[in-house]
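Thanks, everyone, for making the time this morning. I would like to walk through one structure with you, going from a helix to the charged side chains and then to one threonine.

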Amino acid sequence: MEQMNYRVKLSAMEEYAEIVFSKPEIFYRFDTCQFDNYQLYKADRFSEEEKLHTRKEQFPKDCLRAAAFGKKIAQRAICQNPTASESPDRT
């Protein structure tokens, strides 16, 4: 991310989202699997073994973290609009 200067590149989008909506919650995730089956692709740059290990060990943690982010965002939205929690469509 640092090498490719993504923080700067993404900051404009994040600033725009803040202007239109509110300050975004940022959750960067790296070292993801690009393919379901690395044998079908010439991808010498990646280690299938390392990618699968990361998927097995880190991905469940990231899912929990993403769920916590979603919960926090939803709670903040309800606090900003208390009548939203009383909507008959909400479960």
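**From the first helix to the salt bridges**

Let me start with helix α1, residues 6–20, which has 15 residues and reaches 21 Å from its first C-alpha to its last, close to the 21 Å expected at 1.5 Å a residue. Please keep in mind throughout that this is a predicted model. Although the span is close to the expected one, α1 does bend, by about 25° at A12.

Now to the charged side chains, where the count comes to seven salt bridges, and I will take some of them in turn.

In one of them, the side chains of E25 and R76 meet with 3.1 Å from N to O. Because E25 lies in the loop between α1 and α2 while R76 lies in helix α3, residues 59–80, this pair ties together parts that are 51 residues apart in sequence. As for how accessible the two partners are, E25 counts as partly exposed at 26% relative accessibility, and R76 is likewise partly exposed, with a relative accessible area of 31%. The pair also belongs to a wider arrangement, in that E25, K72 and R76 are linked in a network of salt bridges.

A further salt bridge joins D62 and R29, whose closest N and O atoms are 2.1 Å apart. This pair, too, links distant parts of the chain, with D62 in helix α3 and R29 in the loop between α1 and α2, 33 residues apart. Is D62 buried or exposed? At 10% relative accessibility D62 counts as buried, because the cut-off for that term is under 20%, whereas its partner R29, at 27%, counts as partly exposed.

For a pair in another setting, consider K42 and D44, which form a salt bridge with their closest N and O atoms 2.6 Å apart. Here K42 is exposed, and so is D44.

Finally, I would like to come to T54, which is found in helix α2, residues 48–57. T54 has 15% relative accessibility, and therefore counts as buried. Which residues is T54 in contact with, once we leave aside its neighbours within four places in sequence? They are R29, D31 and F59, and R29 will be familiar as the residue that forms a salt bridge with D62. In this model, then, R29 is in contact with T54 of helix α2 and is also paired with D62 in helix α3.

Note on methods:
Residues numbered from 1 in each chain as written. Predicted model: local features only at pLDDT ≥ 70, side-chain atom pairs only at ≥ 80, totals over all residues. Heavy atoms only, no water. Helix = DSSP H or I, 4+ residues; strand = E, 2+ residues; numbered from the N terminus. Expected span 1.5 Å × (residues − 1). Bend = angle between axes of the 7 residues up to and from the residue. Buried < 20%, exposed > 50% of the residue type's maximum accessible area, 1.4 Å probe, protein only. Contact = heavy atoms within 4.5 Å. Salt bridge = Lys/Arg side-chain N within 4 Å of Asp/Glu carboxyl O.
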